[in-house]
Amino acid sequence: MALLDVGGVTKRFAGLTALDNVDLKVEAGSVHSIIGPNGAGKSTLLNVLTGSIKPDRGSVVFDGHGLVPLQPYEINQLGVARVFQSPEIFPELSLLDNVMVATFAARDGSYKLNLFEHPSRAGELRQFAEEVLVDVGLEEHLTMPAKHLSRGDKRRLELAVCLAHRPRLLLLDEPTAGMSQTETHSTVELLRKISATGMTKIIIEHDMEVVFSLSSRITVLHQGRVIADGPPAQIREDEAVQEAYLGGVHL
Ligand SMILES: Nc1ncnc2c1ncn2[C@@H]1O[C@H](COP(=O)(O)OP(=O)(O)OP(=O)(O)O)[C@@H](O)[C@H]1O
Ligand SMILES: [Mg+2]
């Protein structure tokens, strides 16, 4: 059974059908990309998954839970997290403290922090926070206030904060947008490394190199409809995709 099962999701904005009867199955442990031209409905679909937009019709089932009636924070508590839009970075706190806050929040529920109640576990959680920072390549700046980070490193910290919640499904909307080639490359490496942990991911991305190098499966949206769905090799050869997505230019 798929970890995430979207069935017949439709969303209209005034006269515009942003999502038209969309089906999507995401297998546990996969890296599933959603691609399509501007305005195809990709971000709207992600917003439906996080609960920030409610569909007019259709179902979203995550690990047996129907998500449509749930509030965004409830969906987040079930383990669905969105990266790179995290409001949870505290600029004056050190990197380690930023991740520690997220780690405690993950354990105790949102921001019911009680640092003194479990002194023995605090050490354990600190170790976990350090490991997460090592994973994203920020181990050299553990005690530096977050405000001093470069833009690229700030994104790494946002990812670390997100990972500290130990999500089961990670949603990324254009993780390399606005990045230099070098930053894009290191972000891809980072995402690949997280893939190795088996965390399920949905990625929206315009950079085809990123898409084809990371994805185990790709769904193509065009004008709110799914026009193709399959492994990368199949999508690369798909004529409807060539036509709709790139106007006949080969991927
Ligand atoms: N809140 C909203 N109100 C009205 N129309 C909206 C709203 N959000 C999105 N739309 C419209 O719905 C369509 C799909 O938008 P969406 O942002 O999902 O596309 P996208 O595939 O993410 O595009 P891009 O690649 O440019 O990010 C667009 O025509 C957009 O203008
Ligand atoms: Mg978008």
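**Ligand 1 and its surroundings**

Let me start at the ligand. Helix H1 gives the largest share of the shell around ligand 1, namely 3 residues. Keep in mind that this is a predicted model.

The residues around ligand 1 number 13, and the nearest are Gly-39, Gly-41, Lys-42, Ser-43 and Thr-44. Sorted by class, the shell holds 6 polar, 5 nonpolar and 2 charged residues.

Now the polar atoms. Thr-44 has a side-chain N or O atom 2.5 Å from an oxygen atom of ligand 1. For Ser-43, a polar side-chain atom is 2.9 Å from an oxygen atom of the ligand. Ala-40 takes part through its backbone: one of its backbone N or O atoms is 3.1 Å from an oxygen atom of ligand 1. Taken alone, the ligand exposes 640 Å², and the protein buries 59% of that. Which elements give two or more residues to the shell? They are strand E2, residues 16-26, and helix H1, residues 42-50.

Next, the protein as a whole. Its secondary structure comes to 9 helices and 10 strands. There are 251 residues, and 47% of them are buried. Take the contacts between residues at least 6 apart in sequence: 63% of these join residues at least 24 apart. The accessible surface is about 12100 Å², with 51% of it belonging to carbon and sulfur atoms.

I will pick out two local features. The first is a hairpin. Strand E9, residues 217-222, pairs with strand E10, residues 225-230, in the antiparallel sense over 5 bridges. One of the bridge partnerships joins Leu-221 to Val-226 in E10. Between the two strands of the hairpin there are 2 residues, and Gln-223 in the turn has a positive phi of about 50°.

The second is Ser-215, which sits in the loop between helix H7, residues 208-214, and E9. Is Ser-215 buried or exposed? Its relative accessibility is 10%, so Ser-215 counts as buried, the cut-off being under 20%. What does the side chain of Ser-215 make a polar contact with? The partner is the side chain of Ser-33, at 2.6 Å. A polar atom of the Ser-215 side chain also lies 2.5 Å from the backbone oxygen of Val-211. Leaving aside residues up to four places away in sequence, Ser-215 touches Val-31, Ser-33 and Pro-232. Ser-33 therefore appears twice for this residue, as a polar partner and among the residues touched.

Definitions and conventions. Residues numbered from 1 in each chain as written. Chains lettered and ligands numbered in written order. Predicted model: local features only at pLDDT ≥ 70, side-chain atom pairs only at ≥ 80, totals over all residues. Heavy atoms only, no water. Near = heavy atom within 4 Å. Polar contact = N/O pair within 3.5 Å; in protein donor to acceptor, adjacent residues only side chain to side chain. Areas by Shrake-Rupley, 256 points an atom, 1.4 Å probe, with all protein chains shown as cover. Helix = DSSP H or I, 4+ residues; strand = E, 2+ residues; numbered from the N terminus. Nonpolar A, V, L, I, M, F, W, Y, C, P; charged D, E, K, R; others polar. Buried < 20%, exposed > 50% of the residue type's maximum accessible area, 1.4 Å probe, protein only. Contact = heavy atoms within 4.5 Å. Pairing = 2+ DSSP bridges.
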